[in-house]
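Trainee: Please take me through this structure, one question at a time.

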Amino acid sequence: MDSIRIRGNGPLKGSVPIAGAKNACLALMPASLLAEEPLVLDNAPRLSDIATMAVLLESLGVDVALADSGLTLSLHAADIVSQKAHYDIVRKMRASVLVLGPLLARTGSATVSLPGGCAIGARPVDLHLKGLEALGATLELKNGYIHATAARGLTGAPFTFPFVSVGATENMLLAATLARGTTVLRNAALEPEIVDLATCLRKMGANISGDGTPEIVVEGVERMHGTRHRIVADRIEMGTYMLAPAITGGDVELLGGRRDLLESVCLTLENAGVEIEDTARGLRVSRTNGRIRAVNVVTEPYPGFPTDLQAQMMALLTTADDTSVLTETIFENRFMHAQELRRMGARIDVRGGTATVTGVPYLKGAPVMATDLRASVSLILAGLAAKGETIISRVYHLDRGYERVEEKLSACGAIIDRMTG
Ligand code: UD1
């Protein structure tokens with residue numbers, strides 16, 4: 001298993017290109033199932049999660065072709081040859097469940113294994129299932145699989161999410177495009193990835209309005225067609241690289257970075273003493289004076305502070321000038337990085353969904369273990385700021401969500417390399 005070695009090396013300086021959003025791409029790829037013509041996605045991130053989704057779609061009969069060094073994906077679902085998403089693929093990645101809605105909408109039946117993914121809590125899919133039932137699907141859970149049928153097609157209906165779910169909103173959007181009649185989704189997720197999906201679906205012929213607000217209206221259409229779409233920037237990758245100059249006291253320009261995608265994080269970082277300015281090419285992030293100021297953070301659905309940046313933010317706050325409180329409201333059990341950060345000298349007290357972080361003057365390098373995708377990158381950030389050497393094992397988590405992370409950080413002066421085997 002690969003590990004990453006980092007030697008803390010002071011301020012990072014340079015520029016980092018921001019890739020297309022993994023989470024947008026994972027919802028856009030299943031949209032190809034809705035049309036007989038190809039869906040071409042530009043600005044795709046080159047990540048193992050995207051490869052997993054490609055394998056899953058291929059198993060259903062989608063012809064997947066890569067161009068422009070993997071930055072362009074062409075997905076052609078002329079014929080659906082299977083309606084079954086097997087456990088072997090789905091267990092690797094929870095987002096696989098996003099094939100359920102479009103398969104059902106296009107073919108009237110789908111069998112999808114119950115999903116796996118990062119070990120950050122129970123993460124059920126009950127909302128996806130309740131939503132599809134509201135559209136007239138008949139569901140049965142048998143031997144670890146969801147068996148869904150809608151022999152006479154799906155029918156539009158109102159559906160209110162009891163709480164905000166990104167994935168369930170996406171599955172419903174995908175399914176409702178081809179349903180008969182009007183679907184009104186209330187308490188829908190507002191994430192930019194939802195807006196990106198709705199934008200692409202509109203280009204494919206869907207009739208959707210209200211995306212980016214809590215009420216999305218979908219007027220079902222008879223058929224969808226192919227299109228070409230450029231994937232929005234990855235705000236989580238962007239936020240992660242904003243934290244690299246913040247934690248090391250450096251100065252980094254994020255090429256393709258957009259403040260409007262991450263306003264809550266920008267405000268939090270500014271309160272902590274980080275400087276952020278718009279540039280012609282993106283965003284420039286720097287910290288030039290003194291220690292980070294302690295700040296309190298509560299994770300929330302968009303536009304609140306994203307749970308996917310909580311671990312990285314915790315790494316930053318380990319060296320703040322005072323005590324910060326981080327509250328995780330989206331996932332239980334998402335503080336597994338705290339014990340690894342403690343191995344590097346951090347002072348963190350976790351109680352339930354709250355972590356109290358008392359800043360120390362500096363972290364010390366140590367061998368640590370990545371426990372999930374975002375936790376692994378928080379350890380990289382900590383390693384960049386620590387004195388001495390940090391070795392992070394189990395970095396396969398990292399490859400699910402960060403493209404060429406060693407290369408991007410080395411280009412800014414980090415001493416970081418991957419040890420294979
Ligand atoms: C997506 C993102 C993930 C991010 C999360 C929250 C993708 C591929 N992943 O995950 O990176 O951390 O949004 O911003 O886009 N829940 C249920 N029942 C359901 C669905 C969700 O109880 O049917 C719960 C989850 O366990 C969690 C909360 O709702 O506690 C929010 O989850 P959700 O927004 O659905 O996250 P994902 O779509 O899985």
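What follows is a set of short questions and answers on this structure.

Mentor: Two ground rules first. This is a predicted model, in which local features need pLDDT of at least 70, side-chain atom pairs count only at pLDDT 80 or more, and totals for chains, interfaces and linings use all residues. Residues are numbered from 1 along each chain as its sequence is written, and side-chain values use heavy atoms, with hydrogens and water left out.

Trainee: How many disulfides does the count come to?

Mentor: A disulfide here is a pair of cysteine sulfur atoms within 2.5 Å. By that rule the count is zero. For Cys-25, which is in no disulfide, the nearest cysteine sulfur is 10 Å away and belongs to Cys-200.

Trainee: Which cysteine has the sulfur nearest to that of Cys-412?

Mentor: Cys-412 is in no disulfide either. Its relative accessibility is 4%, so it counts as buried; buried means under 20% relative accessible area, exposed over 50%, partly exposed in between, with a 1.4 Å probe and protein chains only. The nearest cysteine sulfur is 17 Å away, and it is that of Cys-266.

Trainee: How many residues of strand E17 are buried?

Mentor: Helices (H or I, at least four residues) and strands (E, at least two) are DSSP runs, numbered from the N terminus. E17 covers residues 282–286. The strand is largely enclosed by the rest of the structure, because the buried count among its five residues is four.

Trainee: Which residue of E17 is the bridge partner of Asp-251?

Mentor: Two strands pair if DSSP finds at least two bridges between them. Strand E15 (residues 251–255) runs antiparallel to E17, with five bridges. Across from Asp-251, the partner is Ser-286.

Trainee: How many residues are in the hairpin that joins E16 to E17?

Mentor: E16 (residues 275–278) is antiparallel to E17, over four bridges. In that pairing, Asp-278 stands opposite Leu-283. The hairpin between E16 and E17 runs through three residues.

Trainee: Which helix gives the largest share of the largest nonpolar core?

Mentor: A nonpolar core is a set of buried Ala, Val, Leu, Ile, Met, Phe, Trp, Tyr and Cys residues joined through side-chain atoms within 4.5 Å. The largest one has 148 residues, and Leu-254 and Met-313 are among those with the most contacts inside it. Its largest share, eight residues, comes from H8 (residues 235–248).

Trainee: Which residues of E17 does Leu-254 touch?

Mentor: Contact means heavy atoms within 4.5 Å. Leaving out residues up to four places away in sequence, Leu-254 touches residues including Val-16, Met-238 and Tyr-241. E17 spans residues 282–286. Leu-254's contacts there are Gly-282, Leu-283 and Val-285.

Trainee: Which residues of helix H10 are buried?

Mentor: H10 covers residues 310–317. It is largely enclosed by the rest of the structure, because eight of its eight residues are buried. They are Gln-310, Ala-311, Gln-312, Met-313, Met-314, Ala-315, Leu-316 and Leu-317.

Trainee: Which residues of H10 does Val-297 touch?

Mentor: Val-297 sits in strand E18 (residues 297–298). It is buried, with a relative accessible area of 2%. Its C-alpha atom is 8.2 Å from that of Gln-310, 13 residues apart along the chain. Not counting residues up to four places away in sequence, its contacts include Met-313 and Leu-317.

Trainee: Which strands stand at the edges of the sheet that holds E18?

Mentor: Four strands form this open sheet, in the order E18-E19-E21-E20, with mixed pairing. Each edge strand has a single partner strand, so one side of each is left without a neighbour in the sheet. The edges are E18 and E20 (347–351).

Trainee: Which residues of helix H5 are buried?

Mentor: H5 covers residues 126–134. Its buried residues pack against helix H4 (100–107) and helix H6 (166–176), among others. Those buried residues are Leu-127, His-128, Leu-129, Gly-131 and Leu-132.

Trainee: Which residue has a side-chain N or O atom 2.6 Å from an oxygen atom of the ligand?

Mentor: Of the 18 residues around the ligand, those that come nearest include Asp-126 and Leu-127; near means a heavy atom within 4 Å. A polar backbone atom of Leu-127 is 2.7 Å from a ligand oxygen atom. At 2.6 Å from a ligand oxygen atom, the side-chain N or O atom belongs to Ser-165.

Methods:
Polar contact = N/O pair within 3.5 Å; in protein donor to acceptor, adjacent residues only side chain to side chain.
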